[in-house]
Amino acid sequence: MNDLMDVKKLSEKAYEFMIRFKADDYEDGRYDLDSEGLFVNIMRYTTKLREEQKYEAHKKYIDVQYIIEGEEGFYLKDISKIEEKDLIDPYKEESDIMFFANTIEGEYHVLKAGQFLIMDPFCAHMPGVAPGEPAYVRKMVVKIPVK
């Protein structure tokens, strides 16, 4: 099977999990959905002001960030348009993450309960931003592995 077919198959599994998801049936934590690396993190926290957040990006996973309760702001930026000077924490293979400065201009979105964003490895994203005052959010992040 080629890489595109793998992503398609894993995306279908992720979709099935999301449409069957009932918040009351799941505690916060990590849930492995198969043996191929597809997993979900369910979490709750208080959003923060933009100045307190930073952009992040991954190389091994597509992120699907779904708001279960509350609302959350996201900034998005094509990683190829970010200058090297804005890299504040280089890529770490073991945690599959790198961080960029929060001063980068990006496309802004606000997600409310029931809405989601899909971010591929070419998309730097700054989640957890308070659209107004910091507030409670419960969120699911589906991690779809890519090669």
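## Strands and the overall fold

Strands are DSSP runs of type E with at least two residues, numbered from the N terminus. Glutamate 107, for example, has its place in strand S8, residues 107-112. The structure shown here is a predicted model.

The protein chain has one helix and eleven strands. Starting at the N terminus, the order of elements is α-β-β-β-β-β-β-β-β-β-β-β. The radius of gyration is 15 Å, close to the 15 Å that the globule rule gives for 147 residues, so the chain is as compact as a globular protein of that length. Along its principal axes, the C-alpha trace spans about 40 × 35 × 25 Å.

## Inside, surface and charge

How much of the chain counts as buried? The figure is 43% of the 147 residues. Now take the contacts with a separation of 6 or more. Residues 24 or more positions apart account for 81% of them.

The chain exposes about 8400 Å². Carbon and sulfur atoms supply 52% of that area. There are 21 positive and 30 negative charges. The mean positions of these two sets are 2 Å apart.

## Histidine 125

Histidine 125 belongs to strand S10, which covers residues 123-129. Is this residue buried or exposed? Its relative accessible area is 1%, and buried means under 20%, so histidine 125 is buried.

The side chain of histidine 125 makes a polar contact of 3.2 Å with the side chain of aspartate 63. A polar atom of the histidine 125 side chain also lies 3.1 Å from the backbone oxygen of cysteine 123. Leave out residues up to four places away in sequence, and histidine 125 still touches Lys54, Tyr55, Glu56, Ala57, His58, Asp63, Gln65, Tyr75, Leu76 and Met119. Asp63 is thus both on this list and the partner in the side-chain polar contact.

## Aspartate 34 and aspartate 96

Two aspartates sit in loops. Aspartate 34 is in the loop between strand S1 (29-32) and strand S2 (39-46). With a relative accessible area of 18%, aspartate 34 falls under the 20% limit, so it counts as buried. Which backbone nitrogen does its side chain reach at 3.3 Å? That of glycine 37. A polar atom of the aspartate 34 side chain also lies 3.1 Å from the backbone nitrogen of leucine 38. Beyond four places in sequence, aspartate 34 touches Leu10 and Lys13.

Aspartate 96 lies in the loop between strand S6 (87-92) and strand S7 (97-100). Aspartate 96 is buried too, with a relative accessible area of 4%. Its phi is near 50°, a positive value in a residue other than glycine. Most residues other than glycine have a negative phi.

## Glutamate 107

Return to glutamate 107 in strand S8. Its relative accessible area is 48%, and partly exposed covers the range between 20% and 50%, so glutamate 107 is partly exposed. The side chains of glutamate 107 and histidine 109 are joined by a polar contact of 2.6 Å.

Outside its neighbours within four places in sequence, glutamate 107 is in contact with Phe74, Tyr75 and Leu76. Tyr75 and Leu76 are also touched by histidine 125. How far is glutamate 107 from glutamate 71, C-alpha to C-alpha? The separation is 17 Å, and the two are 36 residues apart along the chain.

## Phenylalanine 116

Phenylalanine 116 is in strand S9, residues 116-119. Its relative accessibility is 43%, and phenylalanine 116 counts as partly exposed.

Where is glutamine 65 relative to this residue? Phenylalanine 116 and glutamine 65 are 51 residues apart in sequence. In space, their C-alpha atoms are 5.3 Å apart. Leaving aside neighbours within four places in sequence, phenylalanine 116 is in contact with Met18, Val64, Gln65, Tyr66 and Leu111. Gln65 is touched by histidine 125 as well.

How values were computed:
Residues numbered from 1 in each chain as written. Predicted model: local features only at pLDDT ≥ 70, side-chain atom pairs only at ≥ 80, totals over all residues. Heavy atoms only, no water. Helix = DSSP H or I, 4+ residues; strand = E, 2+ residues; numbered from the N terminus. Buried < 20%, exposed > 50% of the residue type's maximum accessible area, 1.4 Å probe, protein only. Polar contact = N/O pair within 3.5 Å; in protein donor to acceptor, adjacent residues only side chain to side chain. Contact = heavy atoms within 4.5 Å. Rg over C-alpha atoms; globule rule 2.2 N^0.38 Å. Areas by Shrake-Rupley, 256 points an atom, 1.4 Å probe, with all protein chains shown as cover. Lys, Arg positive; Asp, Glu negative; His and termini not counted. Charge placed at Lys NZ, Arg CZ, Asp CG, Glu CD.
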